[in-house]
Amino acid sequence: MNHTEEKPATEKSLNFIEHIVENDLKTEKNGTRVHTRFPPEPNGYLHIGHAKSICLNFGLAKSYGGQCNLRFDDTNPITEDTEYVEGIEADVRWLGFQWDNKFYASDYFEQIYGYAEILIKKGLAYICELTPEEISANRGTPTKAGVESPYRNRSVVENLDFFARMRAGEFADGEKVLRAKIDMTSPNMHLRDPILYRIRHAHHHRTGNAWCIYPTYDFAHGFCDSIEGITHSICTLEFEVHRPLYDWLIEQVEIHHPQQIEFARLNLTYTMMSKRKLMALVQNKQVNGWDDPRMPTIAGLRRRGYTPAAIQDFAERIGVARRDGIIDVALLEFSIREDLNKNANRAMAVLEPLKVVLTNFEENEVKEFDAVLNPEKENSGTRKVPMSRVIYIEREDFLENPDKNFFRLSPSQPVRLKHASTMIRLQRVILNSQGEIEELHCQAIPEPDYQADKTNPKIKATIHWVSEHNSVEAEVRVYDRLFTVADLSEVEDYTTALNPESLKVLKGCKLEPSLKNVKQGESFQFERKGYFCVDKDSTENDLVFNLTVTLKDSKGK
RNA sequence: UGUCCUGUAGUGUAACUGGCAACACGUCUGUUUUUGGUACAGAAGACUCCUGGUUCGACCCCAGGCGGGACAACCA
């Protein structure tokens, strides 16, 4: 049977944007072209919400044989920096996408300036000398019309002259702006003579000091789309009210008219998605940088052990629509578990060790077992696991006074040691001076011997373990959600919702010998615990692992 | 007391031109299992926001309500 071909497109339901694209293709609105773009502002790092947009834009181009540009929306020199453009490029590539072209809004500053002159000549733009406060006051409110600027009806000649002198640097910041002349009574605030150009004597990360006036987002964005021949300009819902202005500007200048389409931004439970607030978390040291594994940034997710495949799968599953909502973070966790279950090799690691002496082992006796690397993957191979007189098991896997639902080791219940075909039966509990359990003495019984004696209790559980012999010590960072509240939009001050237990550093964890020579970024399933990856802080002698996500746990149900 | 957008199982997304409301996650059962994982089988869960209209037939079209969101940066 041949499984090479994809499912026919008709079997897959389309999202509303795909419906639009297919219809445009059918009517040849843009010929056979589909051209999208991902337009980040280089003023911060990308997060999982951006990943949704990246998957959407690049994905659309891919599935319809089109192109997708990466375009940095760098119209505000005071917040932008090359550090961020580099980070963004790395993140997009890491996610698995390659842009057809890389552009910057600043590439078009000269052309955009020309469009401004066209508008002025058409009597559709003017130089306004009101202060920011006056402009704001004159704009009115959504329910109250604005009033026209006294500078609104200057002559074209005067406007052209002032505009040239603005560019020449004759005026200070804020002294003058270029405004569109549209309608101060429009119910859409964005049509009340929006600002097109402002004076900013600031160094731009790409154009240096060539300009001291910069176009606003509204003025630049549609023109950039148009110049690049974008067919579908996809953005989030908050730009919906900007669309009439987007359309108006392009119509006045009479150039290629891309279609702006808005979709609902991603919201995730227990996750904050505001770039500004994420920046604050970093600056206030509530996390350890943009790539802190608790951060929803691409860099954070990468360090946490998330894979591009899992993030793409997640983006696919959540779909695209226009209604606002909030996705359960459990869906993201499902995507990464599904990927890692299939692809991560298994290893045994005891995070909170309890020493167990196997009393029937000789002092230097070592047995060795073969353990499969990944039971979900054919021919994944095996690794050697040694067993010696002293082993460690997870503290939580032993209970002196268990209830009915406890399946693991207890005074009356032996357990199997995974991969070892060996049962251990408790002989003695050794307490320290505080009366706490210090170590266990157990008898090790090979499985055939154990099963041969029909009076032995039925084995109910198999636990992981690590022998002292050749074991590796490591630090393991166990993460929990950064916030305690599911819907952060309902919290006035997010700092009150921070989870004090979002990071637990476990030291002295015992790992099996196969984990001795791991590489940074490598992922493993620590059997029965979860998926962990090697952190960048890891060195040859001091291993550090991050919890990516725990295994699903139905204990106690 | 404006304009625009938006209401479908707990969550998210489908349902093409008006024709049995489907899929995924989550939840719950069971089977298998040397991971309380995975896999497999199954279940519960929706007056499709409400009221009326058009129609043989409405999640879909129309009217009116109600709920949620966006918009008043020289940010994007």
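How many bridges pair strand E6 with E7, and in which sense? Keep that in mind as you look through these close-ups, which come from a predicted model.

**Figure 1. Four strands line up in an open sheet, in the order E5-E6-E7-E8.** Here is the reply to the opening question: E6 (residues 177-180) and E7 pair over three bridges in the antiparallel sense. For one spot to look at, find Val177, which stands opposite Arg198 in E7. The pairing in this sheet is antiparallel. Now look at the edges, where you'll find strand E5 (125-128) and strand E8 (213-215). Each of these has a single partner strand, so one of its sides has no neighbour in the sheet. Going from one strand to the next, the twist averages 20°.

**Figure 2. Helix H4 (residues 109-121) packs on the four-stranded sheet.** H4 touches E5, E6, E7 and E8. The direction of the helix makes about 120° with that of E7.

**Figure 3. H4 also packs with another helix, H8 (residues 243-253).** Two numbers sum up this pair: an angle of about 80° and axes 10 Å apart. Angles from 65 to 115 degrees count as roughly perpendicular, and H4 and H8 are therefore roughly perpendicular to each other. Which residues in H4 and H8 meet? From H4 come Tyr115, Ile118 and Leu119, and they meet Trp248, Leu249, Gln252 and Val253 in H8. Sort the contact by class and you get six nonpolar residues, one polar and no charged ones.

**Figure 4. A second open sheet has seven strands, ordered E11-E24-E25-E26-E22-E23-E12.** This one has mixed pairing. At the edges sit strand E11 (345-347) and strand E12 (349-350), each pairing on one side only. E11 runs parallel to strand E24 (residues 523-526), and three bridges join them. Within this pair, Asn345 stands opposite Phe524 in E24. Helix H12 (residues 329-343) packs on the sheet too, touching E11, E24, strand E25 (530-534) and strand E26 (543-550). The direction of H12 makes about 120° with that of E26.

**Figure 5. Toward the E12 end of the seven-stranded sheet, strand E23 (residues 503-511) pairs with both E12 and E22.** E12 and E23 run antiparallel, joined by two bridges. Val350 has Lys510 in E23 as its bridge partner. Strand E22 (residues 472-479) and E23 are antiparallel as well, this time over seven bridges. To locate that pairing, look for Ala474, which stands opposite Cys509 in E23.

**Figure 6. RNA strand B is surrounded by 68 residues.** The closest are Arg200, Glu240, Arg323, Arg346 and Ser421. Of the atoms of RNA strand B that come within 4 Å of the protein, sugar and phosphate account for 63%. What is the mix of residues on the surface near RNA strand B? They divide into 23 nonpolar, 22 polar and 23 charged.

**Figure 7. A closer look at side chains beside RNA strand B picks out Asn341, Glu376 and Asp553.** An N or O atom in the side chain of Glu376 is 2.7 Å from a base nitrogen of the RNA. For Asn341, the side-chain N or O atom is 3.1 Å from a sugar or linking oxygen. Asp553 likewise has a side-chain N or O atom 3.3 Å from a sugar or linking oxygen. Elements giving two or more residues to the surface near RNA strand B include helix H1 (16-26), helix H5 (132-138), helix H11 (308-318) and two you've already met, E7 and H12.

Terms used
Residues numbered from 1 in each chain as written. Chains lettered and ligands numbered in written order. Predicted model: local features only at pLDDT ≥ 70, side-chain atom pairs only at ≥ 80, totals over all residues. Heavy atoms only, no water. Pairing = 2+ DSSP bridges. Contact = heavy atoms within 4.5 Å. Axes fitted to C-alpha atoms, helices over the stretch in contact; angles between N-to-C directions. Near = heavy atom within 4 Å. Polar contact = N/O pair within 3.5 Å; in protein donor to acceptor, adjacent residues only side chain to side chain. Nonpolar A, V, L, I, M, F, W, Y, C, P; charged D, E, K, R; others polar. Parallel < 35°, antiparallel > 145°, perpendicular 65-115°, else oblique.
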